[in-house]
Amino acid sequence: MSFSFRSTSLLIAGLMGLTGIVAAAAASHGSDPRLMAGASAMCLAHAPALIALYAAWGSVRTAPVAALLMIVGTALFAGDLVIRHFAGHGLFPMSAPTGGVIMMAGWVAVALGAFLPRNDA
């Protein structure tokens, strides 16, 4: 079986959704739910977006770059919050804000897809 970036993005969407549910459960059972709830929200918001990009891959020119940005941004943002919750420190200085900016760039890439139609003629 061969995996393309497109199929990998769908795999990551599934794992991101799973992570969002696990983080939500951890938030509901912990003493301070804020960090895990934030990680859950980011994962559960971006997993369906990745599924939508997977579905629109052939018609939205910016789908691959948008997916990559959302994957990296969500991993940095949510990963920093999870590490901060369990270890008391983040991944690296400014990792959550960096992830947030990268996620925003992913959404800009989605929006730009409206102006960059595929030339499949």
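Helices here are DSSP runs of H or I with at least four residues, numbered from the N terminus. This is a predicted model. The points below cover helices α2 and α3, the residue after α3, and a nonpolar patch that includes Leu15 of α1.

**Helix α3 and its end**
- Gly88 follows α3. The phi of Gly88 is positive, near 85 degrees.
- α3 has 25 residues. Its first and last C-alpha atoms are 35 Å apart, close to the 36 Å expected at 1.5 Å a residue.
- Buried residues of α3 include Ala63, Ala66, Ala67, Met70 and Ile71. Gly73, Thr74, Leu76, Ala78, Asp80 and Leu81 are also buried.
- The cover over these buried residues includes α1, α2 and α4.

**Helix α2**
- α2 runs over residues 34-55, which makes 22 residues. At 1.5 Å a residue α2 should span 32 Å, and its end C-alpha atoms are 32 Å apart, so the two values agree.
- Among the buried residues of α2 are Met36, Ala39, Ser40, Cys43 and His46. Ala47, Ala49, Leu50 and Leu53 are buried too.
- The buried residues of α2 pack against α1 (5-29), α3 (63-87) and α4 (95-112).

**Nonpolar surface patch**
- Leu11, Leu15, Leu18 and Val22 make a nonpolar surface patch of about 380 Å².
- Leu15 lies in helix α1.
- Leu15 has 46% relative accessibility. Partly exposed means between 20% and 50%, so Leu15 counts as partly exposed.

Technical notes: Residues are numbered from 1 along each chain as its sequence is written. This is a predicted model: local features need pLDDT of at least 70, side-chain atom pairs count only at pLDDT 80 or more; totals for chains, interfaces and linings use all residues. Side-chain values use heavy atoms; hydrogens and water are left out. Helices (H or I, at least four residues) and strands (E, at least two) are DSSP runs, numbered from the N terminus. The expected span of a helix is 1.5 Å times one less than its number of residues. Buried means under 20% relative accessible area, exposed over 50%, partly exposed in between (1.4 Å probe, protein chains only). Contact means heavy atoms within 4.5 Å. Patches are made of residues with over 30% relative accessible area and no salt bridge: like charges are joined within 9 Å, nonpolar side chains (Val, Leu, Ile, Met, Phe, Trp, Tyr) within 5 Å. Accessible areas come from the Shrake-Rupley method with a 1.4 Å probe; for residues, only the protein chains shown count as cover. A salt bridge is a side-chain nitrogen of Lys or Arg within 4 Å of a carboxyl oxygen of Asp or Glu.
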